[in-house]
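User: Please take a close look at the longer chain of this model, starting with a loop residue whose backbone is unusual and working outwards from there. One connected account is enough.

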Amino acid sequence: MQKEIIIAGFGGQGVLFAGQLLTYAAMDQGLQVTWIPSYGPEMRGGTANCTVVISDDEIGSPMVSRPSAVIAMNLPSLDKYEDKVKDGGVLVVNQSMVDREVRRSDIKVAMVPANTIAEELGDKRMTNMVLLGALLANLDILPVEAVEKALKEHLPERHHKLLTLNKEAMQRGGKYVAAAISA
Amino acid sequence: MAKELMKGNVAIAEAAVRAGLNAYFGYPITPQTELLEYLSSRMPELGRTFLQAESELGAVNMVYGAACTGARVMSSSSSPGTSLMMEGISYIAGTELPVVIVDVMRGGPGLGNIAPAQADYNQIVHGGGHGDYHPIVLAPANIQEAIDLTYGAFDLAEKYRSLVVILADGSLGQMMEPAELPEMKPAIMRTPDWATYGSEGRKKRILSSIYLDPPEQEKTNFRLEHRWQEIKANEVQYKEYFLEDADYAVVGFGTSGRIALSAVRAARAKGIKIGLFRPVSLAPYPEKELFELSKRLKGLLVVEMNAGQMLEDVLNITRRQIPVEFYGRMGGILPMPEEIEAEIDLLVNEPTAANGHPRDRWLARFGKKN
């Protein structure tokens with residue numbers, strides 16, 4: 001078993017943190033995991049991103065050309081990564097920040113109005129957690145409880161007042177289950 | 001001990017601290033800066049020395065001086081910064097001092113960029129500084145290995161009064177992986193019979209790399225060479241993957257080695273009997289092991305993030321007895337597993353005549369695209 005996830009967006013959208021949270025959760029589950037930020041040629045193109053590889057065996061490349069799943073937090077990220085998702089893979093899109101539909105029909109697509117939901121929750125910073133919740137609902141990789149636990153254990157104490165809100169954000173995102181791939 | 005999630009640069013720094021690092025001298029440079037930044041708070045917290053020098057030249061010469069006293073010392077840098085340290089590195093080698101240097105390689109030559117590369121293999125493995133000397137060079141491919149090699153590097157350096165270089169690249173410095181840290185040691189200050197820590201009550205000692213009398217210099221050179229023979233006999237490290245029944249193998253070190261592992265697995269899934277040979281000690285190189293392996297193979301693919309520097313060593317070691325091909329990315333670009341997989345397909349399905357140079361064939365194939 002190996003799954004690769006790319007999380008991409010603008011700097012400041014919580015891309016790197018969402019990836020780290022996933023990494024902590026995988027580590028706590030006893031899995032092998034790598035986290036690598038946008039680096040080298042990936043730096044170009046107005047997106048910040050990180051790649052998380054989760055496996056039950058020693059991980060080779062920490063970078064992938066065809067990820068199992070992508071979270072695209074803005075339009076440049078959608079444009080850049082839509083074609084790269086593996087056939088049958090998962091694409092979670094922040095609908096609030098794009099002005100088009102996804103063109104591919106051979107992948108599972110969850111369009112999530114994550115900015116709107118985060119604003120409804122009263123904290124714009126929750127956008128990444130809404131999208132992470134949607135990813136976990138569509139990619140069989142880690143139970144949402146594992147990520148909630150990781151959040152509690154690895155979020156600095158001073159942010160613990162935000163734990164409930166983070167959980168709520170993930171639950172809201174988790175309701176966006178992609179339709180089955182049309183044949 | 002439980003695993004922790006750490007960035008490569010930070011993991012190397014903490015491993016050095018736990019190995020009893022007494023004093024660190026350095027100068028910031030991306031993609032290595034987190035190492036220095038971490039130590040800037042961690043070392044004083046433990047009452048140990050952290051000093052940001054005015055330049056890499058200052059840093060390497062401070063390390064040189066501190067090593068004379070018997071203290072466990074380290075510096076770190078990235079490619080252009082390491083180039084600046086070369087004079088001091090040669091002096092350290094000539095004075096036979098135990099020093100650990102971490103080089104987190106980036107794209108070059110020149111100022112290049114801050115992306116990961118392996119283009120300083122020749123500089124580090126085959127010298128860089130002037131004169132006959134041999135540093136021990138260790139190339140981690142993951143964060144656990146970076147920790148373990150750094151932790152052991154100081155003992156190695158002291159055992160042989162040798163320079164030890166941890167040769168990593170920007171991606172290893174920047175990535176995070178769970179890893180286990182070793183036991184904490186107190187700051188180490190040794191009193192070996194050569195160190196200059198104050199001569200009260202005994203004859204004075206002089207540490208220097210100056211031997212104005214050529215026969216004395218040659219005597220030192222022979223001592224270094226004999227010591228290197230001993231290091232070669234005892235300190236070789238490498239890792240093998242899927243080689244038991246392999247007809248082919250990929251040879252790669254550090255990051256390109258671990259990326260090649262993904263390609264090897266994909267090729268195995270297609271039924272190609274291929275494995276991976278990953279040298280961990282680049283100096284001493286696992287020469288015998290690679291030669292013995294090559295005798296039972298139909299072909300080798302060398303993968304590097306440079307234009308084929310280790311390739312020359314592999315060609316020498318395998319004595320051109322079997323077909324060798326090369327694939328490299330340069331300038332800060334990581335090879336992707338699919339690219340290596342395509343090269344494996346080529347090696348297996350369209351073997352070329354063994355004459356000619358693998359670098360020429362690689363350039364002919366890829367030069368056109370660029």
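Analyst: **Chain B, from one loop outwards**

B:Glu96 counts as partly exposed, because 19 C-beta neighbours lie inside 10 Å, whereas a buried residue would need 20 or more. The model is predicted, and every value below is computed from it. B:Glu96 sits in the loop that links α5 (86–95) to β5 (99–105) of chain B. Its phi is near 60°, which is positive although the residue is not glycine. Most residues other than glycine have a negative phi, and most peptide bonds are trans.

A second residue with this feature is B:Arg320, a non-glycine residue whose phi is near 55°. B:Arg320 is placed in the loop between α12 and β14 of chain B. With 11 C-beta neighbours inside 10 Å, B:Arg320 counts as exposed, since the limit for that class is 12 or fewer.

The peptide bonds also hold exceptions. B:Gly108 and B:Pro109 are joined by a cis bond with omega near 5°. B:Pro109 belongs to the loop running between β5 (99–105) and α6 of chain B. Another cis bond connects B:Thr30 to B:Pro31, with omega about 5°. B:Pro31 is in the loop between β2 (23–26) and α2 (33–45) of chain B.

From these loops the account moves to a strand residue. B:Ser76 is part of strand β4 (residues 73–77) of chain B. B:Ser76 counts as buried because 32 C-beta neighbours fall inside 10 Å. Beyond its neighbours within four places in sequence, B:Ser76 contacts B:Gly26, B:Gln32, B:Leu35, B:Leu36, B:Ile101 and B:Val102. For scale, B:Glu304 is 228 residues from B:Ser76 in sequence, and their C-alpha atoms are 22 Å apart.

Next comes the domain level. Chain B divides into domain 1 (4–234) and domain 2 (238–369). The centres of domain 1 and domain 2 of chain B, taken over C-alpha atoms, are separated by 29 Å. Their contact involves 27 residues of domain 1 and 21 residues of domain 2 of chain B. On the domain 1 side, at least two residues each come from α6 (121–125), β6 (136–138), β7 (163–169), α8 (170–174) and α9 (214–234) of chain B. That side of domain 1 of chain B is made up of 17 nonpolar, 7 polar and 3 charged residues.

Chain B also contains an open sheet of 5 strands in the order β9-β11-β10-β13-β14, with mixed pairing. Its edge strands, each paired on one side only, are β9 (238–241) and β14 (324–328) of chain B. Direction ignored, neighbouring strands of this sheet are turned by 20° against each other on average. At the β9 end, β9(B) pairs with strand β11 (residues 274–279) of chain B in the antiparallel sense, over 4 bridges. Within β11(B), B:Phe277 is the residue opposite B:Glu240. Helix α12 (residues 310–317) of chain B lies across β10 (248–251), β13 (299–304) and β14 of chain B, at about 160° to β13(B). The loop that holds B:Arg320 is the one between this α12 and β14 of chain B.

The packing can be followed further through the nonpolar core. In soluble globular proteins, nonpolar side chains tend to be buried together. The largest nonpolar core here has 172 residues, and A:Leu135, B:Ala249 and B:Val250 touch the most other members. Helix α7 (residues 143–160) of chain B gives the largest share of this core, 9 residues. Domain 1 (4–234) and domain 2 (238–369) of chain B both contribute residues, so this core lies between them. On the chain A side, A:Leu135 touches A:Ile5, A:Ala69, A:Ile71, A:Val90 and A:Val92, leaving out residues up to four places away in sequence.

Last is the contact between the chains, where 16 residues of chain A meet 22 residues of chain B. On the chain A side, the elements that give two or more residues are α1 (15–28) and β2 (32–37) of chain A. The most come from β2(A), with 5 residues. By type, the residues on this side of chain A are 10 nonpolar and 6 polar, with no charged ones.

Terms used: Residues are numbered from 1 along each chain as its sequence is written. Chains are lettered from A and ligands numbered from 1 in the order in which they are written. This is a predicted model: local features need pLDDT of at least 70, side-chain atom pairs count only at pLDDT 80 or more; totals for chains, interfaces and linings use all residues. Two residues are in contact if their C-beta atoms, placed from the backbone, lie within 7 Å. Ala, Val, Leu, Ile, Met, Phe, Trp, Tyr, Cys and Pro count as nonpolar, Asp, Glu, Lys and Arg as charged, and the others, Gly among them, as polar. Domain bounds come from an automatic or database domain assignment. Two strands pair if DSSP finds at least two bridges between them. Axes are lines fitted to C-alpha atoms, for helices over the stretch in contact, and angles run from 0 to 180 degrees between N-to-C directions. A nonpolar core is a set of buried Ala, Val, Leu, Ile, Met, Phe, Trp, Tyr and Cys residues joined through C-beta atoms within 7 Å.
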